[in-house]
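Reader: Please take me closely through one part of this model, the largest pocket and the residues around it. Then connect that part to the rest of the chain.

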Amino acid sequence: VIEPHCGPSNVRHRLQYTLEVPMLSLKEDAPVLQVGREKLSWVHPGSYFVFDDSIVHAVEYDKDSVHSTHRTVLIVDLWHPDLTSAERAMLGYMYPPFPKEVSTTS
């Protein structure tokens, strides 16, 4: 279980792309992502969801199922589609994706 949580603002949307899910005999056994009131299931590798990270979300597994033991997802943060290019530039400056300089010496 991943407890309910949310991102700090709505400037991003989060994409979760399924890399690995347990072998499932029934869709009801699949892990469930709940975003607000909507429930989504990871049924097979390659499935994906995009959602507003500022909405409370959580992950649940069927406790009684031997199949629902793990999942592996690739998480990609995307800019909210309504942001202007100036707002994206400002946020990119405030939160750069990578350090500008990486030291390789100790």
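Author: What follows starts with the overall fold, moves to the pocket and its surroundings, and ends with the core.

This is a predicted model. The protein has 1 helix and 7 strands. Along the sequence the order is β-β-β-β-β-β-β-α. There are 106 residues, and 29% of them are buried. Among contacts with a separation of 6 or more, 72% join residues 24 or more positions apart.

Now the pocket. The largest one holds about 170 Å³ of space. Its lining consists of Pro 8, Ser 9, Val 11, Arg 12, Asp 53, Asp 77, Leu 78, Trp 79 and Tyr 95. By type, that lining divides into 5 nonpolar, 1 polar and 3 charged residues. Strand β7 gives the largest share, 3 residues.

Take Asp 53 from that lining. Asp 53 sits in the loop between β5 and β6 (57-60). Its relative accessible area is 1%, so Asp 53 is buried; the cut-off is under 20%. Two side-chain partners stand out for discussion. The side chain of Asp 53 makes a polar contact with the side chain of Arg 12 at 2.4 Å. Arg 12 is itself one of the lining residues. A second polar contact runs from the side chain of Asp 53 to the side chain of His 57, at 3.4 Å. Beyond four places in sequence, Asp 53 is in contact with Cys 6, Gly 7, Arg 12 and Arg 14.

The same loop can be followed a little further. Val 56 also lies between β5 and β6. Val 56 has a relative accessible area of 46%, so it counts as partly exposed, a class that runs from 20% to 50%. Leaving out residues up to four places away, Val 56 touches Pro 4, His 5, Cys 6, Gln 34, Val 35 and Gly 36. Cys 6 is thus listed for Val 56, and Cys 6 is listed for Asp 53 too. Val 56 and Glu 3 are 53 residues apart in sequence, with their C-alpha atoms 9.7 Å apart.

Next comes His 80. His 80 lies in the loop between β7 (72-79) and α1 (85-94). Its relative accessibility is 15%, and because the cut-off is under 20%, His 80 counts as buried. The side chain of His 80 reaches the backbone nitrogen of Asp 82 at 3.0 Å. Outside its neighbours within four places, His 80 is in contact with Asn 10, Val 11, Arg 12 and His 13. Val 11 and Arg 12 are among the residues that line the pocket.

Asn 10 shows the other side of that pairing. Asn 10 is placed in the loop between β1 (2-5) and β2 (12-20). At 42% relative accessible area, Asn 10 is partly exposed. Asn 10 and His 80 are 70 residues apart along the chain, yet their C-alpha atoms are separated by 7.1 Å. Apart from neighbours within four places, Asn 10 is in contact with Asp 52, Ser 54 and His 80.

Strand β2 offers a further example. Tyr 17 is found there. Its relative accessibility is 34%, which makes Tyr 17 partly exposed. Tyr 17 touches Gly 46, Ser 47, Tyr 48, Thr 72, Val 73 and Leu 74, not counting residues up to four places away. Between Tyr 17 and Ser 47 the sequence gap is 30 residues, and the C-alpha distance is 6.1 Å.

Val 73, touched by Tyr 17, leads to the core. The largest nonpolar core has 9 residues: Val 21, Leu 33, Val 35, Leu 40, Trp 42, Phe 49, Phe 51, Val 59 and Val 73. Strands β3 (32-35) and β5 (48-52) each supply at least two of them. In soluble globular proteins, nonpolar side chains tend to be buried together.

Leu 33 shows how this core is joined to its surroundings. Leaving out residues up to four places away, Leu 33 touches Gln 16, Glu 38, Lys 39, Leu 40, Trp 42, Phe 49, Phe 51, His 57, Ala 58 and Val 59. Leu 40, Trp 42, Phe 49, Phe 51 and Val 59 are among the core residues. His 57 brings the account back to the pocket: Leu 33 touches His 57, and the side chain of His 57 makes a polar contact with that of Asp 53, a residue of the pocket lining.

Technical notes
Residues numbered from 1 in each chain as written. Predicted model: local features only at pLDDT ≥ 70, side-chain atom pairs only at ≥ 80, totals over all residues. Heavy atoms only, no water. Core = buried A, V, L, I, M, F, W, Y, C linked by side-chain atoms within 4.5 Å. Buried < 20%, exposed > 50% of the residue type's maximum accessible area, 1.4 Å probe, protein only. Helix = DSSP H or I, 4+ residues; strand = E, 2+ residues; numbered from the N terminus. Contact = heavy atoms within 4.5 Å. Polar contact = N/O pair within 3.5 Å; in protein donor to acceptor, adjacent residues only side chain to side chain. 1 Å grid on protein atoms, 1.4 Å probe; cavity = no way out; pocket = protein on both sides within 12 Å on 5 of 7 lines; lining within 4 Å. Points joined across faces, edges and corners; volume = space filled by probe spheres on them. Nonpolar A, V, L, I, M, F, W, Y, C, P; charged D, E, K, R; others polar.
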